[in-house]
Amino acid sequence: MLSNRALEDVLGLDGPVTVDPRELAKGLRITRFPLDTQQTSPQEEAFAEELMNAFEESGCEVVPYEDTLTSLSFDVAFKWFKRAALRTLKSPWSSLTGSDAEASYKDAKRPTLRALFDVRLGDLIKPGHTVLNVGDGQAGNLPVDYMADFQDINVLTVIDKPDHVEKEMPFTEHYETAIELFAHHMTHVVVGVDDDAWFLYNFNGSHPFYEREGPITEQVLRSLVPKLAAPIRPPNLSNFIVQEEAFDPTDDDHAPIVDEMVTSANVLDDSGLYPPGKDLEELDWRNEFYRWAGKIHLDDRTGMSYGFLARQMPTELSPVWTLDDASSVLDASPPEPGTTTRHEEGLFATLDTALGPRVLRVPPVRVMTLRSGCDKTNPDPETDLVMLGLEDGQMIMETPKGTLVEDGYRPSFDTKVILAHAVGNAMVASVLEHERDDALFANQLKTDGMALAHWHGYVNPEHVLDGWHVHGADKLPVSCGTPHAGMFALEGKLASFNDALANDGEFLGDVHIEPQHGTNLTHHTLEDIGRYLTKSDEVAGLGNKHLDVYKKQAKKRAKAPA
């Protein structure tokens, strides 16, 4: 219905966003970290060599380690020491001890003097590289100690599979193990290997296993490359128009939504799909510098939690026109089918639907969510609410009355996906209202809004509701929070809706499958989602159970004649 360039415009993405695995591989610059002090096994060494060969065969650029180095700039060093000095002046005890307990939020995100004592001086790895590390390195001599940028360098660490790790062990055990390994090795991705299989952990919380049978290039290209080329990047506040104390959660417009979020969150706790989050202070950092680097990578978040709940506010739908009608109404040429254009009134799109081209202004949307890292099943309405918005491709973030961004509030890692679903809902509902007077989905969105829930697992295919459309299983397994994830969400929702139009079917919501990540479920209300997911233990689960079924279904649809 929309081209990739148009999807980028709607979501406000800096394009072009590459979704072809070979093109993603071409953008990766891989280097091997020198093995000076690491304790490595023959198995780790052998598989690291296999990985490097697979990266090269996939089209990645393999770079000698010496060619990645640059000197630590005076500006960077001065900035770090200046921030440490400010923290020492304002919070001397926390700066000396490394504790954040008595520091303000603004001070807590600055480096402590203890952190700077652990900084290595000398040549550092330039931004834009992925570093392959092998084995269990010593603190002070890990790739992170040689990084000039904590957010634009990826670290991939190959280790022997820990004895307790098994493919079928519960998601929460995989999750706990992964977080511990990330902190110990200071790495973004862990690859574990034994004689029979290899697996990978990344911040998606997924744990795909692959048999060691023959070449691994295709597995690396379609699973590991997307996670490295499109790594998790928490949304930065600089990407938003930030409006502090912009809404009152107790007024008539917001109070019912807030009440629904709190009540339904408690119900969803019974589903078992939202494991407890992890406070960064609880992790076993090997030194103070590593703890600070971890916070910088997560854009100063205090912790991580898996899954989100979101509640789209009642949305004003846009008028919809045919191409001929749009020309006279807009007093200008409408966008070509599948494209967007900007007029004084805002961003307009022409959806290439099964019923013919349909022109509309992309509707502005607002979505109430919960801040990153909070307990999603027991939110505090006074401290955990965040309002996200998207208007003409610009993201907006609002805090409630009494809450400032300085208090440590950060939007969800999945912000781009949340907003993609919200604006997709609004576009679908606008067209539905134009085409069908009795369209339930359109009436629900206008009157009540819509709900979205995400967890790190999948709905049992046998329990997908009538009128809900499944999409996404055939997409690349990119990391959460990436532009690619947002594009896949919007593209998939629009394509599913178009299928419903073509077959005169009903569209009541969608089940968005994110391979090696989880599910995004759109429904009328969070109460509806709670009732659905807690109806039976068979409805949905955590981890990769059911994913293979969806992938097989997607392959079958792709082979079916048009």
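How many helices and strands are there in the protein chain? In this predicted model, the protein chain holds 17 helices and 26 strands. Of its 562 residues, 58% count as buried. Contacts also reach well along the sequence: among those with a separation of 6 or more, 76% come from residues 24 or more positions apart.

Helix packing comes next. Two packed helices are described by the angle between their axes and the distance between the axes. For helix α3 (residues 42-58) and helix α9 (residues 217-229), the axes come within 9 Å and cross at roughly 85°. With angles of 65 to 115 degrees counted as roughly perpendicular, α3 is therefore roughly perpendicular to α9. On the α3 side, the residues that meet α9 are Leu-51, Ala-54, Phe-55, Glu-57 and Ser-58. Their partners in α9 are Thr-217, Val-220, Leu-221, Leu-224, Val-225 and Leu-228. Sorted by class, the contact of α3 with α9 comes out at eight nonpolar, two polar and one charged residues.

What angle do the axes of helix α10 and helix α16 cross at? Here the crossing is at roughly 10°, and the axes of α10 (residues 255-268) and α16 (residues 526-533) come within 9 Å. Since angles under 35 degrees count as roughly parallel, α10 is roughly parallel to α16. From α10, the residues involved are Glu-260, Met-261, Ser-264, Val-267 and Leu-268. They meet Leu-526, Glu-527, Ile-529, Gly-530 and Leu-533 in α16. This contact of α10 with α16 divides into six nonpolar, two polar and two charged residues.

Met-261 of α10 turns up again around a strand residue, Thr-369. Thr-369 sits in strand β18 (residues 365-370). Is Thr-369 buried or exposed? With a relative accessible area of 1%, Thr-369 is buried, because anything under 20% counts as buried. Leaving aside neighbours within four places in sequence, Thr-369 is in contact with Met-261, Leu-309, Ala-310, Asp-384, Leu-385, Val-386, Leu-388 and Ile-418.

Val-386 is one of the contacts of Thr-369, and Val-386 is also among those of Met-397. Met-397 belongs to strand β20 (residues 394-400) and is buried, at a relative accessible area of 0%. Once neighbours within four places in sequence are set aside, Met-397 is in contact with Leu-237, Phe-240, Ile-241, Val-242, Gln-243, Val-386, Met-387, Val-405, Tyr-409 and Pro-411. For one of these, Leu-237, the sequence separation from Met-397 is 160 residues, and the two C-alpha atoms are separated by 8.4 Å.

On to a buried residue in a loop. His-129 is found between β4 (123-125) and β5 (130-134), and with a relative accessible area of 3% this histidine is buried. Which side chain does His-129 join through a polar contact of 2.5 Å? The partner is the side chain of Arg-29. In addition, a polar atom of the His-129 side chain lies 3.0 Å from the backbone oxygen of Lys-126. Leaving out neighbours within four places in sequence, the contacts of His-129 are Arg-29, Val-63, Thr-68, Asp-152, Ile-153 and Asn-154.

Cysteines are worth a quick look too. A disulfide is a covalent bond between the sulfur atoms of two cysteines. The structure holds zero disulfides. Cys-60 counts as buried at 6% relative accessibility, and Cys-480 counts as buried at 4%.

Finally, the backbone. Most residues other than glycine have a negative phi, and most peptide bonds are trans. Glu-245 is not a glycine, yet its phi is positive at about 50°. Glu-245 lies in strand β10 (residues 240-247) and is partly exposed, with a relative accessible area of 35%. Asp-504, also a residue other than glycine, has a positive phi near 55°. Where is Asp-504 placed? Asp-504 is in the loop between α15 (483-502) and β24 (509-514). Its relative accessible area of 64% is over 50%, so Asp-504 counts as exposed.

Key:
Residues are numbered from 1 along each chain as its sequence is written. This is a predicted model: local features need pLDDT of at least 70, side-chain atom pairs count only at pLDDT 80 or more; totals for chains, interfaces and linings use all residues. Side-chain values use heavy atoms; hydrogens and water are left out. Axes are lines fitted to C-alpha atoms, for helices over the stretch in contact, and angles run from 0 to 180 degrees between N-to-C directions. Helices (H or I, at least four residues) and strands (E, at least two) are DSSP runs, numbered from the N terminus. Angles under 35 degrees count as roughly parallel, over 145 as roughly antiparallel, 65 to 115 as roughly perpendicular and the rest as oblique. Contact means heavy atoms within 4.5 Å. Ala, Val, Leu, Ile, Met, Phe, Trp, Tyr, Cys and Pro count as nonpolar, Asp, Glu, Lys and Arg as charged, and the others, Gly among them, as polar. Buried means under 20% relative accessible area, exposed over 50%, partly exposed in between (1.4 Å probe, protein chains only). A polar contact is a pair of N or O atoms within 3.5 Å; within protein, one must be able to donate a hydrogen and the other to accept it, and residues adjacent in sequence count only if both atoms are side-chain atoms. A disulfide is a pair of cysteine sulfur atoms within 2.5 Å.
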